[in-house]
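Hi,

Here is the structure I said I would pass on. Have a look through it, and then read my notes below.

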Amino acid sequence: MRLRFLGIIPNTPGNESPTIWQDEDSGDLLIQSYKATEEEVRTCQEIGSIPGHGTEVADHEAVIRLPAVMLQYIPRPDSEDKVNGGSQDA
């Protein structure tokens, strides 16, 4: 796996540093950030996503909270299309 560093949240203490990397082979993002609280996870589950999908978080997945300032580091294609029920405004 070849990772490329994309960014780190500015002005954070040495041990609390949300960070984003990109796998240069797959384009996947690897994100270190804050764990969502139990209340935040429950709220996500109450809202759900799309019909037919469960709301439980699988053991191999996690809900994380990404600070808004980190959005600047997420690569964006020149023209974004809606994919998998997502929003262009995200």
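**What I found**

In E2, isoleucine 20 is the bridge partner of glycine 7. That pair is a handy place to start looking, since the wider strand pairing can be followed from there. One thing to keep in mind as you read: this is a predicted model.

So how many bridges join E1 to strand E2? There are five, and the two strands run antiparallel, with E2 covering residues 19-23.

Zooming out a little, E1 and E2 belong to an open sheet of three strands, ordered E1-E2-E3, with antiparallel pairing. Strand E1 (3-8) and strand E3 (29-32) each have a single partner strand and stand at the edges, so one side of each has no neighbour in the sheet. On average, neighbouring strands of this sheet are turned by 20° against each other, if you ignore direction.

Now for the chain as a whole. You'll find one helix and five strands in it. Going along the sequence, the pattern reads β-β-β-β-α-β, with the helix coming after four strands and before one more.

A few overall numbers to finish with:

- Of the 90 residues in the chain, 17% are buried.
- The chain's accessible surface comes to about 7200 Å², and carbon and sulfur atoms account for 49% of that.
- Taking contacts between residues at least 6 apart in sequence, 39% join residues at least 24 apart.

Cheers

Methods: Residues are numbered from 1 along each chain as its sequence is written. This is a predicted model: local features need pLDDT of at least 70, side-chain atom pairs count only at pLDDT 80 or more; totals for chains, interfaces and linings use all residues. Side-chain values use heavy atoms; hydrogens and water are left out. Two strands pair if DSSP finds at least two bridges between them. Axes are lines fitted to C-alpha atoms, for helices over the stretch in contact, and angles run from 0 to 180 degrees between N-to-C directions. Buried means under 20% relative accessible area, exposed over 50%, partly exposed in between (1.4 Å probe, protein chains only). Contact means heavy atoms within 4.5 Å. Accessible areas come from the Shrake-Rupley method with a 1.4 Å probe; for residues, only the protein chains shown count as cover.
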